[in-house]
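Good morning, and thank you for joining this session. I should like to take you through one structure, beginning with a single unit of its fold and working outward from there.

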Amino acid sequence: MWGPEGLDEVEAELLGPPEELKGRSVLEIGAGAAQCARWLAAQGALPVALDISHRQLQHALRIGGPFPLVCADAGALPFADASFDLACSAYGALPFVADPVLVLKEVRRVLRPGGRFVFSVTHPIRWAFPDEPGPEGLTVSSSYFDRTPYVEQDEQGRAVYVEHHRTLGDRVRDVVAGGFRLVDLVEPQWPSWNSSEWGGWSPLRGNLIPGTAVFVCERD
């Protein structure tokens with residue numbers, strides 16, 4: 001799944017037709033519990049799941065899967081140049097780093113020429129609206145152009161969660177600065193079958209404003 005709307009890779013084929021994934025090396029960045037890597041392995045691909053969170057990778061290990069798990073920073077990938085055919089990230093790493101260009105350059109470095117990187121993030125327009133699933137989440141409450149990060153702190157004032165806002169233009173410029181060519185920008189519509197409502201996600205909002213932006217990038 002590329003996002004809460006329910007767009008899945010079987011339908012979207014953003015990494016390519018599933019039958020062509022067999023035998024291809026794929027790096028999942030910000031893998032969490034490695035759900036995407038598990039699906040890729042089921043298609044016959046050769047995934048590697050990377051996350052900076054050891055605890056998340058413990059969940060991945062508990063669930064299991066025939067692929068390596070790597071605990072590392074997405075801005076300093078521990079792989080040789082041109083190690084992978086493809087890379088993907090579903091809501092992983094990029095929203096949480098202050099320097100996304102550094103990550104993009106690292107991903108480009110480890111991709112082979114012609115390699116594709118597909119990543120999804122919260123659609124930038126959502127930052128202008130309250131994170132509410134009902135009608136109150138449909139009124140602009142802050143400036144879309146305010147790039148102040150969202151930060152949660154513990155009792156000692158230490159940041160325990162940080163998410164960075166980039167405008168749509170920022171994201172496009174980051175992709176180009178990272179050395180990629182932007183092939184497509186997918187904004188999934190909320191499907192009629194999805195009646196789920198959680199956090200700021202709901203059919204009401206999803207039918208009116210985009211929630212996810214999926215960037216399809218290639219290394220020439």
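Let us begin with S1, H2 and S2, which together make a right-handed β-α-β unit. Please bear in mind throughout that this is a predicted model.

Consider first the two strands of this unit. S1, residues 25–29, and S2, residues 46–51, pair in the parallel sense, and five bridges hold that pairing. Two of the bridge partners may be picked out on the screen: Leu27 is matched with Val48 in S2, and Glu28 is matched with Ala49 in S2. How much of S2 is covered? S2 is mostly covered, with five of its six residues buried.

Now to the helix of the unit. Which residues of H2 are buried? In H2, which spans residues 35–42, they are Ala37, Leu40 and Ala41. These residues lie on the same side of H2, because the arc they cover around the axis is only 100 degrees. On the other side of H2, Gln35 and Ala42 are exposed. The cover over the buried residues of H2 includes S1, S2 and S4. Just after H2 comes Gly44, which takes a positive phi of about 95 degrees.

From S2 we may step across to S3. These two strands run parallel and are joined by three bridges. Ala49 appears again here, since its bridge partner in S3 is Leu69. Between S2 and S3 the chain passes through helix H3, residues 54–63, and this β-α-β crossover is also a right-handed one.

With these pieces in place, we can turn to the whole sheet. In what order do its strands stand? The sheet is open and has seven strands, in the order S3-S2-S1-S4-S5-S9-S8, with mixed pairing. At its edges stand S3, residues 69–71, and S8, residues 181–186; each has a single partner strand, so one side of each is left without a neighbour in the sheet. On average, neighbouring strands are turned by 20 degrees against each other, direction ignored. Helix H4, residues 100–110, packs on this sheet and touches S1, S4 (84–90) and S5 (111–122). The direction of H4 makes about 145 degrees with that of S5.

I should next like to draw attention to Leu15, which lies in the loop between helix H1 (9–12) and S1. Is Leu15 buried or exposed? Its relative accessibility is 6%, and it therefore counts as buried. Setting aside neighbours within four places in sequence, Leu15 is in contact with residues that include Trp2, Glu9 and Leu21. Leu40, which we met among the buried residues of H2, is also in contact with Leu15. Further contacts of Leu15 include Leu86, Ala87, Cys88, Arg116 and Val118. As for Ala87, it is 72 residues away from Leu15 along the chain, while their C-alpha atoms are separated by 8.4 Å.

Finally, a polar example. Asp170 lies in helix H5, which comprises residues 168–177. Why does Asp170 count as buried? Its relative accessibility is 8%, and the cut-off for buried is under 20%, so Asp170 falls within that class. Its side chain makes a polar contact with the side chain of Arg147, at 2.7 Å.

That concludes the tour, and I would welcome your questions.

Notes. Residues numbered from 1 in each chain as written. Predicted model: local features only at pLDDT ≥ 70, side-chain atom pairs only at ≥ 80, totals over all residues. Heavy atoms only, no water. Pairing = 2+ DSSP bridges. Helix = DSSP H or I, 4+ residues; strand = E, 2+ residues; numbered from the N terminus. Axes fitted to C-alpha atoms, helices over the stretch in contact; angles between N-to-C directions. Contact = heavy atoms within 4.5 Å. Buried < 20%, exposed > 50% of the residue type's maximum accessible area, 1.4 Å probe, protein only. Arc of directions from axis to C-beta. Polar contact = N/O pair within 3.5 Å; in protein donor to acceptor, adjacent residues only side chain to side chain. Right-handed = clockwise from strand over helix to strand, strands pointing away.
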